[in-house]
Amino acid sequence: MMRRRTVLAGVLATALPGVVVAQGASPAILYKNPQCQCCDAYAKVLQRSGIPVTVRPTSTLAAVKREHGVPEALQGCHTLLIEGYVVEGHVPVAQVKRLLAERPAIKGISLPGMPAGSPGMDGEKTEPFTVYEIGDGAPKVFARLARRRDYPET
């Protein structure tokens with residue numbers, strides 16, 4: 001079984017450009033505006049943290065967001081699809097991993113906008129990050145990250 005995974009990982013890594021495959025992790029797809037560089041930086045943060053990512057530039061990013069139920073108020077600059085969830089914006093990796101570990105009955109999570117100091121973004125963090133749940137009702141807080149140690153991967 002382990003040998004099959006290793007072979008499959010090798011095949012995927014060579015057959016699909018832009019794919020990084022980590023043992024035991026499902027590849028994620030990050031949709032982004034073709035000109036956005038902070039989205040590429042976010043993908044690198046995820047990859048360094050062991051989350052394999054395929055980056056897909058698209059000129060129809062708004063349609064991707066609508067298709068996956070991301071309300072306008074919770075939109076960020078890119079949309080990540082991973083293991084049946086949508087992760088919107090520069091959500092710290094620890095919160096992405098928490099989402100995947102806990103598997104709540106929601107569509108996903110979001111750190112709206114492009115907050116300075118978040119993973120993949122330049123600048124200093126000036127206020128706490130609030131990560132919201134994306135569901136069918138009003139947004140609820142998934143996490144509030146006040147201290148730098150709450151998101152060490154940036």
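**Notebook: the protein chain and helix α2**

Reading along the sequence, I found that the protein chain follows the pattern α-β-α-β-α-β-β-α-β-β-β. I counted four helices and seven strands in the chain. I note at the outset that this is a predicted model.

**Entry 1. The chain as a whole.** I looked up burial and found that 41% of the 154 residues in the protein chain are buried. I then turned to contacts with a separation of 6 or more: residues 24 or more positions apart account for 52% of them. For the accessible surface of the protein chain I recorded about 8300 Å², with 54% belonging to carbon and sulfur atoms.

**Entry 2. Length of α2.** I checked the span of helix α2, residues 37-48. At 1.5 Å a residue, its twelve residues should span 16 Å, and I found the end C-alpha atoms 17 Å apart, which agrees.

**Entry 3. The two faces of α2.** I listed the buried residues of α2 as C38, C39, Y42, A43, V45 and L46. They cover an arc of only 155 degrees around the axis, so I place them on the same side of α2. On the face turned away from this buried side I noted the exposed residues Q37, K44 and R48.

**Entry 4. What α2 packs against.** I asked which elements the buried residues of α2 pack against. I found the strands β1 (28-32), β2 (53-57), β3 (78-82) and β4 (85-89), together with helix α4 (93-102).

**Entry 5. The residue after the helix.** I inspected the backbone just after α2 and found that G50 takes a positive phi of about 90 degrees.

**Entry 6. Strand β1 and its partners.** I examined the cover of β1 and found the strand mostly covered, with four of its five residues buried. I then looked up its pairing with β2: the two strands run parallel and are joined by five bridges. Within this pairing I traced Y31 of β1 to its bridge partner in β2, R56. I also looked up the pairing of β1 with β3, which is antiparallel and extends over four bridges. Here I traced I29 to its bridge partner in β3, L81.

**Entry 7. Handedness.** I finally asked what hand the unit formed by β1, α2 and β2 has. I recorded these three elements as a right-handed β-α-β unit.

**Entry 8. Summary of the region.** I retain two points about β1: the strand pairs in parallel with β2 and in the antiparallel sense with β3. I also retain that β1, β2 and β3 are among the elements against which the buried residues of α2 pack.

Notes:
Residues are numbered from 1 along each chain as its sequence is written. This is a predicted model: local features need pLDDT of at least 70, side-chain atom pairs count only at pLDDT 80 or more; totals for chains, interfaces and linings use all residues. Side-chain values use heavy atoms; hydrogens and water are left out. Buried means under 20% relative accessible area, exposed over 50%, partly exposed in between (1.4 Å probe, protein chains only). Contact means heavy atoms within 4.5 Å. Accessible areas come from the Shrake-Rupley method with a 1.4 Å probe; for residues, only the protein chains shown count as cover. The expected span of a helix is 1.5 Å times one less than its number of residues. The arc is that of the directions from the helix axis to the C-beta atoms. Two strands pair if DSSP finds at least two bridges between them. A crossover is right-handed if, with the strands pointing away from the viewer, the path from the first strand over the helix to the second runs clockwise.
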